[in-house]
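Welcome, and please have your viewer ready. We will go from one selection to the next and look at what is there.

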Amino acid sequence: MTDWTDPDTFARALEQVETKEKGNCFEDFEEGDLIEHDPGLTLTEWGNESWMSQTLNHDPAYWRSDAAAERGFDEPPIHPDYLTAATLGITVEDLSEKGGYFLGRTDVRFPESPVYAGTELHVESEVVNTATSSSRPEYGIVSWRTRGTDAETGDVLCSYERTNMIPRREPVATDGGGGGTAAAEEDGDDGPDLPDEFIAPDGGYYEDFVDALEQAADENAAVAYRHERGRTQDDVTVASLPLATLNTAKQHHNVDVMADSPSGDIVTYGDVTRSTALGHARSDEETWREVGFDDESFHTFVAVGDTVYAFTRVLEAEDSVEEPSTDSRTSSENDASSDEAGTVTFEHIAFNQDDEPVYSGTRTAEIRKRSK
C-alpha cells in the first residue's frame, strides 16, 4: 500500500500532478471586456479602523461621532483610502493574481456624499487597453477602468483606471530594444534643476498653503517639505491588511513563490504604501474631504522591515465654491464643496529608509479654513 506521506513518494507525486492555477494571463483580456467581480465586500467599522490605525490615518472625523458631526456626517464614515483599497482588492483575483508589476493608477474619484459602514461594495472592471511589452516579452500590459458601487443603490463610490504588467502564457518575440532610462542620460548633465529655496507652510490650514504658494511665486522657490513620521512594515501591514480587502495576490502572502522574485520576499500592497505616506502627510494638514488622485506610480518594492516616509510638494490652491454636479466624475475638482474649506493640489512622494521613491501621485483635497 502506497504511503502518500513518504517524502520521496510525495515529492514524485507533486512532480506529476496538475496544478489548478488561479488568475488570468494577458491573453485572457480583450479591450471592451466587462468583468463583474464576485464576491463583493461589506465595508465594516472594524475594517475601516484597522486600515486607518495601521497606516497612521488619524483624522478624528473618521473615528469619533462628535468630530464626524462637526464635519456634517451622520456618523464616522468609511475612509477613502480603505474604500480605494477594498475596491482594488476585490478585483485582484480576476485581474492581477498571476503577478506582474503594478505600473500605476489615475483618475481616482469619490462621491461628495460620505460612505458609511454596512455599505455592500460591488465592483466591476472594463478592459480599456492591452499592449505588448518590448522590454519584458514574458509580460503584456493591461489597463482597466474599475468602478466600486453601492450594491443597493448603484451609486458609484470609487472609480479609477489602473495599469499592470500581466504574465503571458507564451512569451512573444522581441528585438530587446527600448532604450530605457540609461539611454536617455546625456553627457555633461550638471544635476537636477531644483529651485533655489524650499518653503514649508506655517501650518496645515488652507490659508497656510495659499500664503506659502504666494511667497514661492515671488522668487525661485517651491512649496515642498518632508514629514517626520515613518512606518516600518510588519506582518500586519504586508499580509493582514491585503487579506482584509480580499487581495489574494501571491506577492503579499506566498513567501515560497516570492523567494525567487526580484524582491526576494513578499511585498507590501501598493495601497498600504500609498495610504501610509498619505497618513504622514495628512497629519500635517487640516483635511476636510478627499477629492481624487491622479498619475499614481509605484517605483520599487516595499517589504517587511522597510520604512515608509513621505515628502509633499504643494502645486496649487483654489478658493471657489459652486453647486456640485450630481455626477462626481464631472464636477469641477477646483471647486470646494463647502465654504469652510478650499481646494489644494499636492504631489506626494513616498520613500524608504534608503531615500528611494517607492510611490508618487497627485492628490486633490479640500483643506479646512481657519475659523472666522
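Two strands are taken as paired if DSSP finds at least two bridges between them. Keep in mind as you go that this is a predicted model.

**First stop: the strands.** Select residues 197-199, which are strand 6, together with residues 221-232, which are strand 7. These two run in the parallel sense and are joined over three bridges. To find one of the contacts, pick isoleucine 199: its bridge partner in strand 7 is valine 223.

Now keep strand 7 and add strand 9, residues 307-318. Here the pairing is antiparallel, over six bridges. Click on histidine 227 and then look across to strand 9, where alanine 310 is its bridge partner. Strand 7 thus pairs with strand 6 in the parallel sense and with strand 9 in the antiparallel sense.

**Second stop: the surface.** Move to helix 1, residues 7-16, and select phenylalanine 10 within it. Is this side chain buried, exposed or partly exposed? Phenylalanine 10 counts as partly exposed, because its relative accessibility is 44%. Add Leu14 and Val17 to the selection, and you have a nonpolar surface patch with about 290 Å² of accessible area together.

**Last stop: the cysteines.** Select cysteine 25 and cysteine 158. Cysteine 25 has 8% relative accessibility and so counts as buried. Cysteine 158 is buried too, with a relative accessible area of 0%. How many disulfides does the structure hold? The count is zero. As a reminder, a disulfide is a covalent bond linking the sulfur atoms of two cysteines.

Conventions: Residues numbered from 1 in each chain as written. Predicted model: local features only at pLDDT ≥ 70, side-chain atom pairs only at ≥ 80, totals over all residues. Heavy atoms only, no water. Helix = DSSP H or I, 4+ residues; strand = E, 2+ residues; numbered from the N terminus. Patch = residues over 30% accessible without salt bridge, like charges linked within 9 Å, V, L, I, M, F, W, Y side chains within 5 Å. Areas by Shrake-Rupley, 256 points an atom, 1.4 Å probe, with all protein chains shown as cover. Salt bridge = Lys/Arg side-chain N within 4 Å of Asp/Glu carboxyl O. Buried < 20%, exposed > 50% of the residue type's maximum accessible area, 1.4 Å probe, protein only. Disulfide = S-S within 2.5 Å.
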